[in-house]
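Please open the model in a viewer and follow the selections below in order. Each stop names what to select and then describes what is found there.

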Amino acid sequence: MQALFIGQTYIDVVFITDHMPTGDEKHVASDYAVSFGGNAVTAAFCCAKLGIVPDLIATAANDWLGRMFQDMCAKYAISLHGRKVNQSSLSFIMPKDGKRAIVRCRDDEHIHPFPMLNLGGCRALHVDGHQPDAAIHYAKVCREAGILTSLDGGGLRTNTHELLEFIDVAIVAERLCEQMDLTPEKMLDYLKGRGCKIGGVTMGEKGLFWYDETGTVQVMPAMPIPRERVIDTNGAGDVFHGAYVYSYLAHPGKSWREHFDFARAASTFKIQRLGNEAGLPTLVDIAKVRHEFEVRV
């Protein structure tokens, strides 16, 4: 095991339409994609696509969608440690004008305790707050073992405050700031107060507002991609997390600015493609994005 990711499994159905029918209406979408979904789950697939295959603790149901997800993991050689639930979870996503509307159908009633794994060789843990008991357990174990711990703070969970005490790298969404009634500046102060060595707030087209190991606050602007090339922003943050975890594992001597710069290019690749799987970049894809946009930056 090189890295462990923990999250909630979704099957994402993403569709492009100019009209949402109501009542007895019918309408044909112009395009669609079906893929794996979920914050840490998508990040795990991104890390695997880039070349370092992690282990994954994620919800798994014994239904046809669950078996589809197992096939997806097998395709990327991801070792899935399933935590049983009765039904697979679904997300219906409609991207439009750089935003995305989402309807989720979620089963997070875990039938069994989370699996206990041997962390020998593990160098990074990434969690998104789902499966809170598993997240806090492994965060504590990894912190004690000197293994990097990373959090995707996409939203407020039951144990977010407690969990942050054991997180080295906490990159949260603007949504968490809103839920906690904090400005991005106050959020960075809060993350520092919880002991996070690296902290940041992703702000979409406004970039990443973050602080480094010295506590210095800085802004990494988003790459200046033309709006007409933005197709699907869903999953961009998850790809960002998976890419910086990969960069840390592949190049531990690089700075976090370099890890985040790499991840920024990965998420820029994602938003130009429909669906999570189509939006997973290779190293060559990231190099092309950086070459194209660094000239403009």
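Select helix 7 and helix 8 together: helix 7 passes helix 8 in a right-handed crossing. A crossing is left-handed if the near helix is turned anticlockwise from the far one by less than a right angle, and right-handed if clockwise. The axes of the two helices come within 8 Å and cross at roughly 140°. That makes helix 7 oblique to helix 8, given that angles under 35 degrees count as roughly parallel, over 145 as roughly antiparallel, 65 to 115 as roughly perpendicular and the rest as oblique. Axes here are lines fitted to C-alpha atoms, for helices over the stretch in contact, and angles run from 0 to 180 degrees between N-to-C directions. Helices (H or I, at least four residues) and strands (E, at least two) are DSSP runs, numbered from the N terminus.

The model is predicted: local features need pLDDT of at least 70, side-chain atom pairs count only at pLDDT 80 or more, and totals for chains, interfaces and linings use all residues. Residues are numbered from 1 along each chain as its sequence is written, and side-chain values use heavy atoms, with hydrogens and water left out.

**Helix 8 and its second partner**

Keep helix 8 (residues 256-270) selected. Its 15 residues reach 21 Å from the first C-alpha to the last, close to the 21 Å expected at 1.5 Å a residue; the expected span is 1.5 Å times one less than the number of residues. Helix 8 is mostly covered, with 13 of its 15 residues buried. Buried means under 20% relative accessible area, exposed over 50%, and partly exposed in between (1.4 Å probe, protein chains only).

Now add helix 9 (residues 283-294), which packs with helix 8 at an angle of about 95°, the axes being 9 Å apart. Helix 8 and helix 9 are therefore roughly perpendicular to each other. On the helix 8 side, show Asp261, Phe262, Ala265, Ala266, Thr268 and Phe269; they meet helix 9 residues that include Leu283, Ile286, Val289 and Phe293. Contact means heavy atoms within 4.5 Å.

**Helix 1 against helix 7**

Return to helix 7 (residues 236-250) and add helix 1; the pair packs at an angle of about 45°, with axes 7 Å apart. Helix 1 and helix 7 are therefore oblique to each other, and helix 1 passes helix 7 in a right-handed crossing. Among the helix 1 residues in this contact are Asn39, Thr42 and Cys46, and helix 7 contributes Asp238, His241 and Tyr246, among others.

How many of the 12 residues of helix 1 are buried? The number is 11, so helix 1 is largely enclosed by the rest of the structure. The buried set includes Val41, Phe45 and Leu50. The 12 residues of helix 1 (residues 39-50) should span 16 Å at 1.5 Å a residue, and the end C-alpha atoms are 17 Å apart, which agrees. Just after helix 1, inspect Gly51, which takes a positive phi of about 130°.

**Loop residues**

Select Phe114, in the loop between strand 7 (99-105) and strand 8 (124-127). Phe114 is buried, with a relative accessible area of 16%. Phe114 and Arg83 are 31 residues apart in sequence and 6.1 Å apart in space, C-alpha to C-alpha. Not counting residues up to four places away in sequence, Phe114 touches Arg83, Gln131, Asp133, Ala134, His137 and Tyr138.

From that list, move to Gln131, found in the loop between strand 8 and helix 3 (132-145). Its phi is near 50°, a positive value in a residue other than glycine. Is Gln131 buried or exposed? Gln131 is buried, with a relative accessible area of 2%.

Ala77 has a positive phi of about 65° although it is not a glycine. Ala77 lies in the loop between helix 2 (64-75) and strand 5 (79-85), and Ala77 is exposed, with a relative accessible area of 52%.

Finally, select Asn159, in the loop between strand 9 (148-153) and helix 4 (160-164). At 9% relative accessibility, Asn159 counts as buried. Asn159 touches Pro132 and Ile136, not counting residues up to four places away in sequence.
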